[in-house]
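Reader: I am new to reading structures, and I would like to learn how each descriptive word is justified. Could you take me through this one slowly?

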Amino acid sequence: MDSLHAIGFYASSGVSLAGALGATLLPGRDLRGASLGVLGIGLAGIYLTLSAGLAALVVLICYLGCAAMFASPQYRPLEAVVGGMWRQAGAIAAAVLLALLVYSAFRGDFVHATFFGGTIGAANLGRVFFAHDALAIEAVALIVFAALSGAGAAWYARERGR
Amino acid sequence: MTVGLVATFFVGGGLIAAGCFAAVWRRDLTAALASIPLMFGGAGVAFAGVARFAAAGGPQLFGQEFAVVLAIAATALVALGLGIAGRVAPR
């Protein structure tokens, strides 16, 4: 990987981590939605520098959709009933998880292989999607369809119940 | 300056940990749903990194395929969660 791609990777990583921290910490729906959009742009940049152009396009569309849903004023907030002590314990557990992941990535011994694909790789990826793993992709598509149908049904059922 | 598998794992780990933190720290459960795209995005970065730097045998693009599936699944799960939460009552 040349220096230009490396600079792009690190810049996109910074953008995506900034978006992640914004989505985690910022108050307000619009700010959270904007942070998720920033995260999607950063992730798309990371995928592009990793020679996954088609994945970058899909991720950008999906995360901008997520950002639009989170920024919407239409959904109802739900208060959690978990106490502050459990939340603090969970935050410490998240920090421990980060330390474990960083340690395992730093100390791990990984295989190095040469990448032969192109920057976009749509044809090769399509071959994997629709030939090699067609049944698995159909199953995932069915699950996604069921989730979206359930979301729509729940959204309108609650509205009608009022 | 170069990029390797360890750098992609660092970024993926950071995103996963940020997602875990959002899931446990947010009082508003619908706001905590933001943890799903964060964690799935972190896992997707790790998979794409493996596909780019360390996929020696088998279909080399499996990591990219899984990253695409994770992004679509994250969007569907967010839609399902917000749909279950329901609308704000009309005034």
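Author: Let us begin with confidence: chain B averages a pLDDT of 87, pLDDT being the predictor's confidence in each residue, from 0 to 100, and 93% of the residues of chain B score at least 70. This is a predicted model, in which local features need pLDDT of at least 70 and side-chain atom pairs count only at pLDDT 80 or more, whereas totals for chains, interfaces and linings use all residues. Residues are numbered from 1 along each chain as its sequence is written, and chains are lettered from A and ligands numbered from 1 in the order in which they are written. For the complex, the predictor gives an ipTM of 0.91 and a pTM of 0.89.

Reader: What makes up the secondary structure of chain B, and how is a helix recognised?

Author: Helices (H or I, at least four residues) and strands (E, at least two) are DSSP runs, numbered from the N terminus. By that definition chain B has four helices and zero strands, and its elements run α-α-α-α from the N terminus on. Chain A comes to six helices and zero strands.

Reader: Why is chain B called more spread out than a compact globule?

Author: The radius of gyration is taken over C-alpha atoms, and the globule rule is 2.2 Å times the number of residues to the power 0.38. For the 91 residues of chain B the rule gives 12 Å, but the radius of gyration is 16 Å, well over that value, so chain B is more spread out than a compact globule. Its C-alpha atoms fill a box of roughly 60 × 25 × 20 Å, taken along the principal axes. For chain A, the radius of gyration is 20 Å, while a compact globule of 162 residues would have one near 15 Å.

Reader: How do you know that α3(B) is largely enclosed, and that its length is what a helix should have?

Author: A residue is buried if 20 or more other C-beta atoms lie within 10 Å of its own, exposed if 12 or fewer, and partly exposed in between, with C-beta atoms placed from the backbone. In α3(B), 18 of the 19 residues are buried, so this helix is largely enclosed by the rest of the structure. As for length, the expected span of a helix is 1.5 Å times one less than its number of residues; for the 19 residues of α3(B) that is 27 Å, and the end C-alpha atoms are 27 Å apart, which agrees. Over whole chains, 70% of the 91 residues of chain B count as buried, and 30% of the 162 residues of chain A do.

Reader: What makes A:S51 buried and A:I120 partly exposed?

Author: A:S51 has 22 other C-beta atoms within 10 Å, so it is buried, whereas A:I120 has 16 C-beta neighbours inside 10 Å and therefore counts as partly exposed. A:S51 is found in the loop between α2 and α3 of chain A, and it has a positive phi of about 60° although it is not a glycine. Most residues other than glycine have a negative phi. A:I120 is found in the loop between α4 and α5 (122–132) of chain A.

Reader: How do you know which residues of chain B touch chain A, and which helix gives the most?

Author: Two residues are in contact if their C-beta atoms, placed from the backbone, lie within 7 Å. On this test 63 residues of chain B are in contact with 74 residues of chain A, and α4(B) gives the most to the side of chain B that touches chain A, with 20 residues.

Reader: What is meant by a nonpolar core, and which residues touch the most other members of the largest one?

Author: A nonpolar core is a set of buried Ala, Val, Leu, Ile, Met, Phe, Trp, Tyr and Cys residues joined through C-beta atoms within 7 Å. The largest has 73 residues, and among those touching the most other members are A:Y47, A:A55 and B:A48. The largest share of this core, 14 residues, comes from α4(B). Leaving aside its neighbours within four places in sequence, A:A55 is in contact with residues including A:Y47, B:A48 and B:A67.
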